[in-house]
Amino acid sequence: SKIDRNYKPGAEKDRDGSTLKQMMKFLFHSTKDTYPEEECTHYIEYPVLLVDHDIDSNNWWFLLLSLLKHYITLGVVQPNVTGNYNNDNLRVLHTIPDGLYFRAFMDSFEFMFQNRRGRDSRQIWHTKEESKYKNSDNNSKRYCFRKLVWSPGAMDGGSDILLNRRHPYQNCFSSIIYSYASHLKASLGIPTLPRPGQPRVVWVGRNMTETAELSDWQKKRLISNQDEITKYLLKKCSSQGIEFQTAEYYKEGVAYEEQANFASRFNIMMGIHGAGLNMFHFMPFHSIVIEIHIGGTTAQRNSANFVTHTLENKYVPHIASKKKWGQKNALAVEPIWSVLKQAIQDWKTLPQDIHNNKNDILDTAV
């Protein structure tokens, strides 16, 4: 099989969102029938999962959609590419530009799809940031693959299953998303911890400083008293013997594995609506996510839909109220504590056996 460097993902796309159809249409080009064998300058004998360049390696939501998409893609063709894992290992290759390849989240593909052999993925070619479709190593290079799995687009397919909006099947259990969520944690070696006597609570912090480069959409979710809120919640939780921590992972360079393992320790996650709340994917089943909405974010359903599709968690939305006086864009603190206090009680009623009371969980998750 062969990469056509002139192909632009998304320029020609199946409208029904079928990952499999895209694979069949664009992926497999017969070297013998399409290109003379002597035109190949590089031969790759091992199976390859090729990841497209348009990965958002800074955003948890878009990254996890991409992992879901490739999880589904590889599941479809797995019997044809697994081979002998001693001699014929599946490798992940990227077409992402040079500057983005070294971001921390890119490790996620190796953990998910390379059987924990280590971090041995690489770029298929070196590409400058402004030149996404042409390699800058040598334009005459031609790569020929013995086995190639490539589904164009970073998220196409995944975003058709795990949607960020209301839809007719939002309350349905999804075996695909459930198995993906299980594999996501298993690939990192996240253990199934004994259920603690009291839940552990984590607040997902947001960068509220003036130095943050925020989009207009992110600016709508700025609050001025995040420190006040977290200190108040810490005080209240400590008085009940409950661990409370803040995850401040908005700085670049924190490893994917470190963030995932940190999130996996907690049973209740809360914070302002944003991509960081999707670290909930790494938490134990039978956990709770509290999503605080401000600035018209209630239409965003990424956390809610993930919870209901896995069926064994609980989603709690909270529309925040602002203080009537004092700081600009400051949220009222006491209502946030009231929601958390109730979630702590609700967590204690969630079943410990994953086979019990699934219908009850579905009823309370939406």
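# Exercises on a predicted model

Leu 67 touches Ser 108, Phe 109, Met 112, Phe 113, Tyr 180, Leu 184 and Tyr 256, leaving out residues up to four places away in sequence. Touching, or contact, means heavy atoms within 4.5 Å. This is a predicted model, where local features need pLDDT of at least 70 and side-chain atom pairs count only at pLDDT 80 or more, while totals for chains, interfaces and linings use all residues. Residues are numbered from 1 along each chain as its sequence is written, and side-chain values use heavy atoms, with hydrogens and water left out.

## Exercise 1. The chain as a whole

Task: State how many helices and strands the chain has, and what share of its residues is buried.

Solution.
- Step 1. Count the elements: the chain has 12 helices and 11 strands. These are DSSP runs numbered from the N terminus, with helices (H or I) of at least four residues and strands (E) of at least two.
- Step 2. Take the burial: 51% of the 366 residues are buried. Buried means under 20% relative accessible area, exposed over 50%, and partly exposed in between (1.4 Å probe, protein chains only).
- Step 3. Add the contacts: among those between residues at least 6 apart in sequence, 76% join residues at least 24 apart.

## Exercise 2. The largest nonpolar core

Task: Find which members of the largest nonpolar core touch the most other members, and which element gives the largest share.

Solution.
- Step 1. Fix the term. A nonpolar core is a set of buried Ala, Val, Leu, Ile, Met, Phe, Trp, Tyr and Cys residues joined through side-chain atoms within 4.5 Å.
- Step 2. Pick the members. Of the 57 residues in this core, Leu 67, Phe 109, Tyr 256, Met 269 and Phe 282 touch the most other members.
- Step 3. Trace the elements. Those that give two or more residues include α3 (60-81), α5 (108-113) and α9 (256-263). The largest share, 11 residues, comes from α3.
- Step 4. Look beyond this core. Apart from it lies another core of 27 residues, among them Ile 268, Ala 320, Ala 343 and Trp 347.

## Exercise 3. Leu 331 and His 183

Task: Decide whether Leu 331 and His 183 are buried or partly exposed.

Solution.
- Step 1. Place Leu 331: the loop between β11 (314-319) and α11 (333-349) holds it. Leu 331 is buried, because its relative accessibility is 0%.
- Step 2. List partners of Leu 331. Beyond four places in sequence, they include Ile 223, Ile 229, Ile 272, Ala 320 and Ile 336. The C-alpha atoms of Leu 331 and Ile 229 are 8.2 Å apart, with their positions 102 residues apart along the chain.
- Step 3. Place His 183: it is in helix α6. His 183 has 29% relative accessibility, so it counts as partly exposed.
- Step 4. List partners of His 183. With neighbours within four places set aside, they are Tyr 71 and Met 112.

## Exercise 4. A pocket and a cavity

Task: Describe the second largest pocket and the second largest cavity by volume and lining.

Solution.
- Step 1. Fix the terms. On a 1 Å grid over the protein atoms alone, a cavity is a set of points where a 1.4 Å probe fits but cannot get out; a pocket is an open set with protein on both sides within 12 Å along at least five of seven lines; lining residues have an atom within 4 Å of a point. Grid points are joined across faces, edges and corners, and a volume is the space filled by probe spheres set on the points.
- Step 2. Take the pocket. Its volume is about 440 Å³. Of its 23 lining residues, Pro 191, Thr 192, Leu 193, Pro 284 and Phe 285 are the closest to its centre.
- Step 3. Sort the pocket lining: 12 nonpolar, 7 polar and 4 charged. Ala, Val, Leu, Ile, Met, Phe, Trp, Tyr, Cys and Pro count as nonpolar, Asp, Glu, Lys and Arg as charged, and the others, Gly among them, as polar. Helix α6 (residues 175-186) gives the largest share, 3 residues.
- Step 4. Take the cavity. The second largest cavity has a volume of about 30 Å³. Its lining has 6 nonpolar, 2 polar and 1 charged residues, including Ala 181, Phe 280, Pro 284 and Phe 306.

## Exercise 5. Positive phi

Task: Give the phi of His 286 and of Leu 311, and place each residue.

Solution.
- Step 1. Recall the rule: most residues other than glycine have a negative phi.
- Step 2. Take His 286. Its phi is positive, near 70°. His 286 sits in the loop between β9 and β10 (288-293) and is buried at 4% relative accessibility.
- Step 3. Take Leu 311. Its phi is positive, near 75°. Leu 311 sits in the loop between α10 and β11 and is buried, with a relative accessible area of 9%.
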